[in-house]
Amino acid sequence: MLEPDQWKTIYRLVGWLDRENGRSQGEISLRLVKLAEEVGEVSQAWIGAAGQNPRKGITHTRRDVCDELVDVMVTAAVALVSIADGNPDDMVAEKLAKIEARSQAAV
């Protein structure tokens, strides 16, 4: 979960996007599609960190992968705030509790 000040930053980012791009259905769709782009960047960084492409060799570090993962988290939080009917922090807490309960049931 994000800290309160971090959620404030997310809300400011959403406000900025709303002012610049509006909040039409198309804009919301693009905010969701942006997640796919960010996940692709995680994959690219991981391939680069593993040196999977012999032509390129090692092009990224684990820190690069972590940075891209944080981009995914921020992009997801922006999308969540953009469409949520309710407190996004509560939604994250509820979902984490469900996931934790499932994981405990599996052991």
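The legends below accompany close-up views of a predicted model.

**View A. Helix 1 turns one face inward.** Here we look at helix 1 (4–21), whose 18 residues reach 25 Å from the first C-alpha to the last, close to the 26 Å expected at 1.5 Å a residue. Its buried residues are Trp7, Ile10, Val14, Gly15 and Leu17. Seen down the helix axis, these buried residues fall within an arc of 165 degrees, so they line one face of helix 1. What covers them includes helix 2, helix 3 and helix 4 (88–105). On the other side of helix 1 you will find Asp5, Arg12, Arg19 and Glu20, which are exposed. Just after the helix, glycine 22 takes a positive phi of about 80 degrees.

**View B. Seven residues build the largest nonpolar core.** The members to look for are Trp7, Ile10, Val14, Leu17, Ala77, Val78 and Val81. Helix 1 and helix 3 are the elements that give two or more residues to this core, and helix 1 supplies the largest share, with four. In soluble globular proteins, nonpolar side chains tend to be buried together. Leucine 17 is a handy residue to centre on: beyond its neighbours up to four places away in sequence, leucine 17 touches Gly22, Arg31 and Val78.

**View C. Aspartate 5 and lysine 8 pair up along helix 1.** These two side chains form a salt bridge, with their closest N and O atoms 3.8 Å apart. Because aspartate 5 and lysine 8 are three residues apart in helix 1, about one helical turn separates them. Aspartate 5 counts as exposed, at 55% relative accessibility. This pair belongs to a structure that holds seven salt bridges.

**View D. Charged side chains meet on helix 2.** Glutamate 27 and arginine 31 join in a salt bridge of 2.9 Å, N to O; both lie in helix 2, four residues apart, or about one turn. Are these two residues buried or exposed? Glutamate 27 is buried at 10% relative accessibility, and arginine 31 is buried at 6%. Further along the view, lysine 34 forms a salt bridge with glutamate 38, the closest N and O atoms being 3.4 Å apart. Lysine 34 and glutamate 38 are four residues apart in helix 2, so about one helical turn lies between them. Lysine 34 is partly exposed, with a relative accessible area of 33%. Salt bridges that share partners also link Asp18, Arg23, Glu27 and Arg31 into one network.

**View E. Threonine 75 and glutamate 38 touch where helix 3 meets helix 2.** Threonine 75 sits in helix 3 and glutamate 38 in helix 2. Both are buried: threonine 75 at 13% relative accessibility and glutamate 38 at 7%. A polar atom of the threonine 75 side chain lies 2.8 Å from the backbone oxygen of aspartate 71. Setting aside residues up to four places away in sequence, threonine 75 touches Arg31, Lys34, Leu35 and Glu38. With neighbours within four places likewise left out, glutamate 38 is in contact with Glu68, Asp71, Val72 and Thr75.

**View F. Arginine 55 stands in the loop between two helices.** This loop runs between helix 2 (25–50) and helix 3 (62–83). Arginine 55 counts as exposed, at 68% relative accessibility. Cysteine 66 is 11 residues away along the chain, and 24 Å separates the C-alpha atoms of arginine 55 and cysteine 66.

Methods. Residues numbered from 1 in each chain as written. Predicted model: local features only at pLDDT ≥ 70, side-chain atom pairs only at ≥ 80, totals over all residues. Heavy atoms only, no water. Buried < 20%, exposed > 50% of the residue type's maximum accessible area, 1.4 Å probe, protein only. Polar contact = N/O pair within 3.5 Å; in protein donor to acceptor, adjacent residues only side chain to side chain. Contact = heavy atoms within 4.5 Å. Core = buried A, V, L, I, M, F, W, Y, C linked by side-chain atoms within 4.5 Å. Expected span 1.5 Å × (residues − 1). Arc of directions from axis to C-beta. Salt bridge = Lys/Arg side-chain N within 4 Å of Asp/Glu carboxyl O.
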